[in-house]
Amino acid sequence: MASCTFFGHRKIHGETALKIRDILIDLITNQNVDVFYVGNTGEFDKTVICELDYLSKIYSFSYFVVLAYMPTSKDNYFYKSSVLPEGIEKVPRRFAIVYRNKWMIKQSDYVVTYVENTVGSNSAKFKELSKKQGKFVIEISAWFWFAFSNRQAQVIFSCLTLWS
């Protein structure tokens, strides 16, 4: 079996949720992905969590919301399956998201990214790091999504289009 993680911008376009669902279904049914790791910052992560929660009622897989910070009594979020990467409690707060993201890449075979702007983007940095580590990277863009590995590149058009 295989695992997958996600990196994307805080803000997303409306059609992105449909593309995420389409990609998740393909990963579950065709690529045998049975474990997913996702952060909890921004619209992209929250959309992925929502789609995973929905699909978990239809398909058999596990997913974990990977936290960058120790939860406090003031935190108002709750996830069924939250995890903290081992050792993150020793990491200075300003480096916690980077530490968490590197941990998620290490755990995963596939990485789904949503990067529209590469200037100053941590999502773009982690997409490139994933490629360098030989992960199978699926890129969501506004019109179609690309899948890249170190040995091959192919364009895969989504079943869902902007017009349907």
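Rings of Phe, Tyr and Trp count as a pair if their centres lie within 6.5 Å, and planes under 30 degrees apart make that pair stacked. Keep that handy for the ring exercises below, and bear in mind that this is a predicted model.

**Exercise 1. Get your bearings in the fold**

Task: Work out how many helices and strands the protein chain has, and in what order the elements run.

Solution. Start with the tally: the chain has 4 helices and 8 strands. Next, walk along from the N terminus, and you'll read β-α-β-α-β-β-α-β-α-β-β-β. Then look at burial: 43% of the 164 residues are buried. Finally, check the contacts between residues at least 6 apart in sequence: 66% of these join residues at least 24 apart.

**Exercise 2. Follow the aromatic rings**

Task: Find the aromatic cluster that includes Phe6, and classify the pair that Phe6 makes with Phe36.

Solution. First, the cluster: Phe6, Phe36, Phe61 and Tyr63 belong to one aromatic group. A search of the whole structure turns up 8 aromatic pairs. One of them is Phe6 with Phe36, with 6.1 Å from centre to centre and 25° between the planes, and it is stacked. Now place the partners: Phe6 is in strand E1 (residues 2-8) and Phe36 in strand E2 (residues 33-38), so the pair links parts of the chain that are distant, 30 residues apart. Both Phe6 and Phe36 are buried.

**Exercise 3. Classify a second ring pair**

Task: Decide how the rings of Phe44 and Tyr114 are arranged, and say which elements they come from.

Solution. The ring centres of Phe44 and Tyr114 are 5.9 Å apart and the planes sit at 10°, so this pair is stacked. On the chain, Phe44 belongs to helix H2 (residues 42-55) and Tyr114 to strand E5 (residues 110-114), with the two positions 70 residues apart. As for burial, both Phe44 and Tyr114 are buried.

While you're looking at rings, check Tyr69 too: Arg93 lies over its face, at 3.9 Å from the ring centre.

**Exercise 4. Describe a helix packing**

Task: Describe how helix H3 packs against helix H4, and name the residues in the contact.

Solution. Two packed helices are described by the angle between their axes and the distance between the axes. For H3 (residues 96-107) and H4 (residues 122-132), the angle is about 35° and the axes are 11 Å apart. The crossing of H3 and H4 is right-handed. Next, list who touches whom: H3 brings Val98, Asn101, Lys102 and Ile105, while H4 brings Phe126, Leu129 and Ser130. Sort the residues of this contact and you get 4 nonpolar, 2 polar and 1 charged.

**Exercise 5. Compare two residues around E2**

Task: Is Val35 buried or exposed, and which residues does Val35 touch?

Solution. Val35 lies in strand E2. Its relative accessible area is 19%, so Val35 is buried, given that the cut-off for buried is under 20%. Leaving out residues up to four places away in sequence, Val35 touches Ala2, Ser3, Cys4, Ser62 and Phe64. The C-alpha atoms of Val35 and Met1 are 8.3 Å apart, though 34 residues separate the two along the chain.

Now turn to Asn32, in the loop between helix H1 (16-29) and E2. At 43% relative accessibility, Asn32 counts as partly exposed. Check the backbone as a last step: phi of Asn32 is near 60°, a positive value in a residue that isn't glycine. Most residues other than glycine have a negative phi.

Note on methods: Residues numbered from 1 in each chain as written. Predicted model: local features only at pLDDT ≥ 70, side-chain atom pairs only at ≥ 80, totals over all residues. Heavy atoms only, no water. Axes fitted to C-alpha atoms, helices over the stretch in contact; angles between N-to-C directions. Left-handed = near helix turned anticlockwise from the far one by under 90°. Contact = heavy atoms within 4.5 Å. Nonpolar A, V, L, I, M, F, W, Y, C, P; charged D, E, K, R; others polar. Phe/Tyr/Trp six-rings, centres within 6.5 Å; stacked < 30°, edge-to-face > 60°. Buried < 20%, exposed > 50% of the residue type's maximum accessible area, 1.4 Å probe, protein only. Lys NZ or Arg CZ within 6 Å of the ring centre and 35° of its normal.
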